[in-house]
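Visitor: I would like to learn how to read a model like this one, feature by feature. Where should we begin?

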Amino acid sequence: MVEHGVKPRALPQSDTSKPLLRLLRLAQTSVLIRPAHAGAFDVLRGDDDLVLGRVPGAVLQYALSQGLVQQNGELLEATPQARTFLRRALAEADTERFSAQHGELTDAVLVENKGEISEQSRIVRRNLDDSPLSSMARLRDKAGAAYFPAEAIDAGERLASDFERGHLQPRITASWEPRLAQQQKGQRSSASDLSDSALAARGRVTKAVMALGPELSGVLLDVCCFAKGLELVERERQWPARSAKLMLRTALMALARHYNPVKASSPAGLRHWGEAGYRPDMARLVG
């Protein structure tokens, strides 16, 4: 039998996840619990003693201590809290599987209250494919170097940030917010309702698009701002296969030069063929 009054150790999620969920599923209907070998317990069906599964003793202790199951002799049944716990665990598992299927998940350290005396850090899950440029940043050329340089990726992220901050993303859902301003004849356009930072962001996007021209700005907006894949861009623009990647690299490099223009080195001094004290003959030049 399971010993009561013994506080179970805190088990890692990897140790309790599958056996605990299996135990809670089986205990949704009243089952019997009997000791097995090596500290484990067999879960049996009550009417014919058919063995439904086996769980470690530490997992059973954990479920009892958390109030997920209750035991009366050999009879074991799940509590109402177990149903809530089971639904939440299954929902989180489904979300994790979907994220892992459509992205690359990794653990990252998030530092909170950075710069203060009492800094706190915690482990969070991060999706490396949260934006189109995030996945493209890991592409390599034949030599093994990054196909998209870091400055090109940073330029694309900067454009996407300004595009979002300027509220240029088209609305695809209904808005239930009250209309605070109605545009009437003689009134200013809706841009007057935007904040100064949003207007400044729109201005930066406009300057970047004009600097690149229509040949490069289109693919840049499609990928960075509208999150379109390279294959979709090629189909919509009827480009050859694998040409969008080259066009995007060219556009991102041009955008990086737009944000950080190369300063031309000024000459040390004016040079001329005249000797010291030379002055041009203005009368001859005018005549």
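Guide: With the aromatic rings. The model is predicted, and two aromatic pairs are counted in it. One of them joins Tyr 147 and Phe 148, with 5.1 Å from centre to centre and 75° between the planes, an edge-to-face arrangement.

Visitor: Are Tyr 147 and Phe 148 buried or exposed?

Guide: Tyr 147 is buried because its relative accessibility is 16%, and the cut-off for buried is under 20%. Phe 148 is buried as well, at 2%.

Visitor: Why is the pair of Phe 163 and Phe 226 called edge-to-face?

Guide: Plane angles over 60 degrees count as edge-to-face. The planes of Phe 163 and Phe 226 stand at 75°, so this pair is edge-to-face, with ring centres 5.4 Å apart. Phe 163 belongs to helix α5 and Phe 226 to the loop between α7 and α8, so the pair ties together parts 63 residues apart in sequence. Phe 163 is buried at 6% relative accessibility, while Phe 226 is partly exposed at 34%.

Visitor: Which residues touch the most other members of the largest nonpolar core?

Guide: A core can be read by asking which members have many partners within it. Here the core has 28 residues, and those touching the most other members are Leu 159, Leu 220, Leu 248, Leu 252 and Leu 255. At least two core residues come from each of α4, α5, α6, α7, α8 and α9. The largest share, eight residues, is supplied by α9. Beyond its neighbours up to four places away in sequence, Leu 255 touches Ala 155, Gly 156, Leu 159, Ala 208, Leu 212 and Leu 220. Another core lies apart from this one; it has 22 residues, including Ala 27, Val 43, Leu 76 and Ala 78.

Visitor: Which residues of α8 are buried, and what covers them?

Guide: For a helix, look at where the buried side chains sit around the axis. In α8 the buried residues are Leu 230, Val 233 and Glu 234. Their arc around the axis is only 100°, so they lie on the same side of α8. Their cover includes α4, α7 and α9. The face turned away from the buried side carries Glu 231 and Arg 235, both exposed. Just after α8, Gln 238 has a positive phi of about 55°.

Visitor: How do the side chains alternate along strand β4?

Guide: In a strand, compare the two faces. In β4 (residues 69-72), Val 69 and Gln 71 point to one face and are buried, whereas Gln 70 and Asn 72 point to the other and are not. The partner of β4 is β5 (residues 75-78), paired in the antiparallel sense over four bridges. Across from Gln 71 stands Leu 76 in β5. The two strands form a hairpin with two residues between them, and Gly 73 in the turn has a positive phi of about 70°.

Visitor: What does the side chain of Asp 42 make a polar contact with?

Guide: With an acidic residue, check burial and then partners. Asp 42 is in strand β2 (residues 40-45) and is buried, with a relative accessible area of 13%. Its side chain makes a polar contact with that of Arg 54, at 2.5 Å. Leaving aside neighbours within four places in sequence, Asp 42 also contacts other residues, among them Leu 32, Ile 33, Val 51 and Gly 53.

Technical notes. Residues numbered from 1 in each chain as written. Predicted model: local features only at pLDDT ≥ 70, side-chain atom pairs only at ≥ 80, totals over all residues. Heavy atoms only, no water. Core = buried A, V, L, I, M, F, W, Y, C linked by side-chain atoms within 4.5 Å. Buried < 20%, exposed > 50% of the residue type's maximum accessible area, 1.4 Å probe, protein only. Contact = heavy atoms within 4.5 Å. Pairing = 2+ DSSP bridges. Polar contact = N/O pair within 3.5 Å; in protein donor to acceptor, adjacent residues only side chain to side chain. Arc of directions from axis to C-beta. Phe/Tyr/Trp six-rings, centres within 6.5 Å; stacked < 30°, edge-to-face > 60°.
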